[in-house]
Amino acid sequence: MDEKILFVDDDANILSSFKRQLRNKYNLVTAESGIQGIAALTEDGPFAVVVSDFRMPEMDGIEFLSKAREISPDTVRLMLTGQADMESSIKAINEGNIFRFLTKPCYMNDLKNALNAGIEQYRLITAEREILDRTLKGSIKILIDVLSIVSPITFSRAFRLRKMARGIAERLKIERFWEIEIAAMLSQIGCVTLPTEILEKKYKGVELPVNERVMFYKHPQIGKKFLSNIPRLEEISDAIVYQFKQFDGGGLPEDDKKGKAIPLIGRIIKAVLDYDLLKSKGETNENSLKIMQSHIQWYDPEIFAALEAEVLSVEEGYIVKSIMMKDILIGMVLADDVKDLRGKILITKGNEITEVLKTRLMNFSSLGDVVEPIKVIDQIDKMSE
């Protein structure tokens with residue numbers, strides 16, 4: 001068999017026994033600890049099946065298989081142990097999503113049957129994934145081609161949204177950022193049903209009459225209908241409906257969702273849509289951000305901070321924050337000039353906050369003579385949805 005199998009056990013004699021009895025039938029790799037097993041999964045994968053002992057020092061089998069699931073979710077996981085009590089079995093199955101639970105001593109035929117079943121399960125998983133990937137990619141390509149032909153103006157906008165949304169997703173360290181890209185690109189697919197004249201007026205900032213406005217704001221629902229039957233796009237199709245929804249609960253659709261209850265994809269698209277619309281009207285980068293800032297309650301604060309950092313081309317891994325003076329920390333970098341109440345610049349943007357600068361700012365602040373909040377560049381942790 002071409003598929004690789006990883007055995008993890010702290011007993012070198014047991015691993016040697018497995019090698020002797022199974023090497024002619026299976027492609028085996030062994031590791032004498034959970035840590036070595038993680039390294040093998042990371043460096044030598046992919047593995048069809050991983051078999052782990054239960055009791056091992058430093059990292060037991062449950063912890064190892066849980067980590068293995070994160071690193072290689074398609075790999076089928078088996079537990080082999082002499083500690084066959086019910087509690088550990090349940091915990092192993094729940095935390096590691098175990099395919100089989102085998103007890104020591106395990107007859108070789110039983111082990112071979114479990115390995116064969118594991119390999120077959122792996123083949124089913126990967127075959128299904130390949131079919132889904134081909135279907136997904138093909139469907140997305142067709143929709144994007146349709147958008148580019150039927151509505152070039154919308155296609156151009158969707159392309160800009162995709163680029164900006166990806167930048168935000170990367171700054172916020174969002175896993176599976178490909179979903180954000182696809183959602184941004186396809187968020188405008190419903191616009192293919194709209195007359196070009198309506199789209200041109202909307203993108204230029206012209207106020208639409210009531211009937212055209214109603215027509216325009218229905219396009220996310222139409223887009224959802226296009227996408228909802230495509231495999232693995234169900235979540236995206238649900239989220240793009242919220243591209244006009246405000247973080248404070250206002251906007252469309254008119255439901256009770258607000259804040260983090262709004263799908264993350266919808267929150268990101270809302271921010272990049274509004275920014276792109278302002279730019280389409282001829283606003284500068286700075287003015288676009290200032291206008292959005294005046295309605296800051298409409299946006300997820302973390303997403304707006306990442307958008308601001310993306311627009312200002314702040315180094316990746318950082319975002320722009322608006323903070324009060326009391327929250328300033330040494331090492332932060334000023335993203336804007338710090339001014340007093342008369343408009344005089346106290347410290348120019350780009351300066352890193354040192355202990356001396358912090359003391360200076362705090363002294364001004366204590367006199368009530370600093371315009372707050374101030375904008376700083378700071379590192380971003382992984383965003384929670």
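Helix H6 (152–171), H9 and H12 are among the elements that cover the buried residues of helix H8, and that is a good place to start looking around. This is a predicted model. From H8, the briefing moves on to the largest pocket, which holds about 550 Å³ of space, then to the aromatic rings, to the surroundings of helices H13 and H14, and to some backbone details.

**Helix H8 and what follows**

- Which residues of helix H8 (residues 196–203) are buried? They are Ile198, Leu199, Lys202 and Tyr203.
- These four residues lie on the same side of H8, because the arc they cover around the axis is only 125°.
- A general point helps here: an α-helix has 3.6 residues a turn, so residues three or four places apart point the same way.
- After H8 comes glycine 205, which has a positive phi near 85°.

**The largest pocket**

- The space in the largest pocket amounts to about 550 Å³.
- Its lining is made of 27 residues, and those closest to the pocket centre are Lys202, Tyr217, Asp274, Leu277 and Lys281.
- Lys202 is thus a residue to look at twice, as it is also one of the buried residues of H8.
- H9, H12 and helix H13 (285–293) are the elements that give two or more residues to the lining of this pocket.
- Which element provides the largest share of the lining? That is H12, with five residues.

**Aromatic rings and charges over them**

- There are seven aromatic pairs in the structure.
- One of them is formed by phenylalanine 216 and phenylalanine 244, and this pair is tilted because the planes of the rings stand at 40°, with the ring centres 6.0 Å apart.
- The two partners are 28 residues apart, so the pair links distant parts of the chain: phenylalanine 216 is in helix H9 (residues 210–216), while phenylalanine 244 is in the loop between helix H11 (234–240) and helix H12 (264–280).
- Are these two rings' residues buried or exposed? Phenylalanine 216 is buried, with a relative accessible area of 1%, and phenylalanine 244 counts as buried at 14% relative accessibility.
- Tyr217 joins Phe216 and Phe244 in one aromatic cluster, and Tyr217 is also among the residues closest to the centre of the largest pocket.
- Elsewhere, lysine 4 places its charged end over the ring of phenylalanine 47, at 5.0 Å from the ring centre.
- Likewise, the charged end of arginine 100 sits over the ring of phenylalanine 99, 4.3 Å from its centre.

**Around helices H13 and H14**

- In H13, the buried residues are Ser288, Leu289 and Met292.
- They sit on the same side of H13, because their arc around the axis is only 95°.
- H12 and H14 are what these buried residues pack against.
- Glutamate 308 belongs to helix H14 (residues 301–311), and it is buried, with a relative accessible area of 4%.
- Which residues does glutamate 308 touch, not counting those up to four places away in sequence? They are Leu289, Val320 and Lys375.
- Leucine 312 is placed in the loop between H14 and strand S6 (318–323), and at 43% relative accessibility it counts as partly exposed.
- Leaving aside neighbours within four places in sequence, leucine 312 is in contact with Leu289 and Val320.
- Leucine 312 and leucine 289 are 23 residues apart along the chain, and their C-alpha atoms are separated by 9.9 Å.

**Backbone details in the loops**

- The peptide bond between leucine 252 and proline 253 is cis, with omega about 0°, and proline 253 is placed in the loop between H11 and H12.
- Another cis bond runs from glutamate 372 to proline 373, with omega near 0°; proline 373 is found in the loop between helix H15 (355–366) and strand S10 (374–379).
- Glutamate 58 is not a glycine, yet its phi is positive, about 70°.
- The loop that holds glutamate 58 is between strand S3 (49–53) and helix H3 (61–71), and glutamate 58 counts as exposed at 72% relative accessibility.
- Lysine 173, a residue other than glycine, has a positive phi near 55°.
- Lysine 173 lies in the loop between H6 and helix H7 (177–186) and counts as partly exposed, at 43% relative accessibility.

Methods:
Residues are numbered from 1 along each chain as its sequence is written. This is a predicted model: local features need pLDDT of at least 70, side-chain atom pairs count only at pLDDT 80 or more; totals for chains, interfaces and linings use all residues. Side-chain values use heavy atoms; hydrogens and water are left out. Rings of Phe, Tyr and Trp (its six-membered ring) pair if their centres lie within 6.5 Å; planes under 30 degrees apart count as stacked, over 60 as edge-to-face and the rest as tilted. Buried means under 20% relative accessible area, exposed over 50%, partly exposed in between (1.4 Å probe, protein chains only). A charge sits over a ring if NZ of Lys or CZ of Arg is within 6 Å of the ring centre and within 35 degrees of the ring normal. The arc is that of the directions from the helix axis to the C-beta atoms. Contact means heavy atoms within 4.5 Å. On a 1 Å grid over the protein atoms alone, a cavity is a set of points where a 1.4 Å probe fits but cannot get out, and a pocket is an open set with protein on both sides within 12 Å along at least five of seven lines; lining residues have an atom within 4 Å of a point. Grid points are joined across faces, edges and corners, and a volume is the space filled by probe spheres set on the points.
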